[in-house]
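Thanks for coming, everyone. Please have a look at the sequence and the model on the screen, and I will then walk you through a few parts of it.

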Amino acid sequence: MTIQRREFVAALAAGGAAGLAGCSTLTGDDGGDAGISGETLTLTTTTSTYNTGLLDELNAPFEDRYGVSVDAVSQGTGQALETARNGDSDVVMVHARSLEDEFMEEGYGVNRRDLMYNDFVVIGGPNDPAGIGGSDDVTEAFTAIADSESSFVSRGDDSGTHTKELEIWDETGLNVDEFGEWYQEAGQGMGDVINMATQQGAYTLADRGTYLDMQDEVDLEIHVQGPIEGGPELLANPYGIVAVNPAVHDNVEYDLAMAYIGFITSPEGQDLIENYTANGEQLFYPESLSEEPNFQQYVPEGWSADNTGNSSDSSDE
Amino acid sequence: MSLESAATVPLFAEFPFEWNYIRSIIVVSLYVSVAAVALSTLCSLPIALAVGFTDFRGKGLLTSIINTGMGFPSVVVGLAVLFTVSNEGPLGSLELVFTREAMIMSQFVLAAPVVTGVSLAAVSSVEQNVRDAAYAMGGTRLDVALVTIKEARYGIATAVLAGFGRAISEVGSVLIVGGNIASADGTSKTRTLTTAIQLEAQRGRFETAMILGVVLLAIVLVVNGIVVRLGSDGGGYR
Amino acid sequence: MTLEATDVSHGYGNETVFDGVSLSVSTGEVVAIIGPSGVGKSTLLRLLALFDAPDRGTISYDGEDVWRQPEGRRLEHRRRIGMVFQDASLFDASVRRNAAYGLRVRQSWPERIRHGFAQLVGEQNGTGDAVEALETVGLADKVDQDADSLSGGEAQRVAFARALAYDPEILLLDEPTSDLDPRNTAVIEDAVLQARDRGIGVVVATHDMHQARRVADRTAVLLGDEILEVDRTERVFDDPRDDRTRQFIDGELIY
């Protein structure tokens, strides 16, 4: 009880401090040397990183080192980016490169880094009605599911996983809108969709992390592996982290966001990711550290310096 | 994670982390719901008294608006509050998004019509005779209002508890405006019983979800028990 | 001390209840208002109790036109008046709390709050006058019962004690015994006479002419929308000046 009360007082104090900080940013930018201790970083992220428990592992040492707290809000990728667009979060960790690029091109995000990756797997009931087991071509496997009209549960929530699934259907040349009742859009998080697929013996596309975390509780098998186990590159699932542009939203904790990005892309943070396991299996593969230049991770894909409309101009309106 | 708490609660001694987690969720749930209902009651009672004992044009319309409010979908309320407190919204500068204060706001909006509607019915059932008696004995308008509240006390208590029941078992709006946040050390910041149950079920941690569900049920049962007791036993007001 | 209605008219909406009525009551006398049911006796009492301002005419207390006073002054006047209704209208609380209500609202807020807390731990402070008033109506032994456990007659006696407890100068009784049995009626009438002897001015509205004869020093006859006559009770009953009064007293006038 005492702990809670103290925490509540601290929360009130932090609220007051945040209010004051808001005022001071209006009147001028003095007080910048007060440091970031005691601040709260709001991170919007996807259900897949949150539900695996990885964030708790990363945030605790970060909080200890800087004396700050991290509020992680778990949303779908689309919602997480939308929250950041409104300036309600300071940093975003998501896994849909195309949506991240859009976010940056609109000027809402700065200083993107590749963070880590894992992969997607196609899972389904052990009897495998579409006969896709062991296939190393996910496009063919999806075509087989559609041809046999075997049940398939789609996330249907604009998440990174949903975006990837639609990308694969695109590759098959089939039109999702014309699918029959075998194709269900759940509109739920990954965990819920895996539970639904179990109930119905249906196929679904899942990120490996969530599947591994839940595999003991569900009766589903991997039928198509992702690139981590030698599957097709199309199933790669890269995570990026982006700070919210402080020139667009002057209330964001930009310095704290950069400290966070710095921490989790550092060797220490990357080690934590490397060593995080669920049920004895590694869930995520660090991707930040590279001795070779890797400029493409900082900017939208296909961006080059010749492009007009440089971000600092367009975002300052 | 605290070792003392594990020691003081032998039942959960094996799961100090879980117990801390569950306890903090209960505290947040109660804090948010009690605060929201207390504020709702402070606003609703004067409204109920004013509406109950004055005649004006549009009284019927106002009453039906209040009654409609009792059925507001919580997700819609959550969205509306989110737009209000979001950085882009009118209250953006207060930085309330993903805080307990924002959750209190949305639960206030949900509970206030319930408290107002039920206490309006209770207050309206107080006989004019009794109010006249209070006035005739030298009571001021405030005294008459207080007598009305006392006469309607079981109905008002029912209203408050109904508002509490609505607030504590509601999931949509607190999820949207609160963000279902727990710290890395496993204590809840804006995670309530309902949002925690949803998350734990999603994670496949059904045991934790069940424990939380039992706690929520117990709270709701106790509250309903109090309502029933108030209704049957006169409450010992002497 | 005199409470006086002078040439008052009052109605609800377009309907006039009475027109140009005058009546006064002084401390130490009992005035009865008799008349058939529905003739506006209650409305007149409500005007005397300062519930509503009359449409026309004045209500004055010791010569002060009450409705020309600020609200605070009017409250002081109201607090010198007690009232009992046809229906006991007790609060849902103990007999003691009911009887002490008038005393309580006259206390300052700090006192009320302090007594409220004292009461929570079972102390009963400052209710002595209330218990005394209950003795007058013979209910001192029921002081700790719940009001809703009383019979109708007992409840009305508590209502009487409630109005008596804060020692008003004027007591207004609206058909106080019309629902009561003879025994309870006798208790109330006896209490009315005791009150008069203590110097309280009493107005009792009743359709029971015998009651008027038993308790009233003066009697006013309210018929139609006017007071036909006001005079010493014996004079009004034995030698009515107005024909309609005589008819009413003789039971010939049916409304």
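In chain C, four strands, where a strand is a DSSP run of E of at least two residues and a helix a run of H or I of at least four, both numbered from the N terminus, form an open antiparallel sheet in the order β2-β1-β4-β5. Because β2 (15–26) and β5 (64–65) of chain C stand at the edges with a single partner strand each, one side of each is left without a neighbour in the sheet.

I should say early that this is a predicted model, in which local features need pLDDT of at least 70 and side-chain atom pairs count only at pLDDT 80 or more, while totals for chains, interfaces and linings use all residues. Residues are numbered from 1 along each chain as its sequence is written, and chains are lettered from A and ligands numbered from 1 in the order in which they are written.

Staying with the sheet, strand β1 (residues 2–12) of chain C pairs with β2(C) in the antiparallel sense over eight bridges, pairing being counted when DSSP finds at least two bridges between two strands. Within that pair, C:G11 stands opposite C:T16 in β2(C).

Turning to chain B, we find eleven helices and zero strands. Of the 238 residues in chain B, 48% are buried, that is, they have 20 or more other C-beta atoms within 10 Å of their own, with C-beta atoms placed from the backbone.

Finally, the domain assignment of chain A, automatic or from a database, gives domain 1 (2–118 + 238–314) and domain 2 (119–236).

Key
Buried ≥ 20, exposed ≤ 12 C-beta atoms within 10 Å, placed from the backbone.
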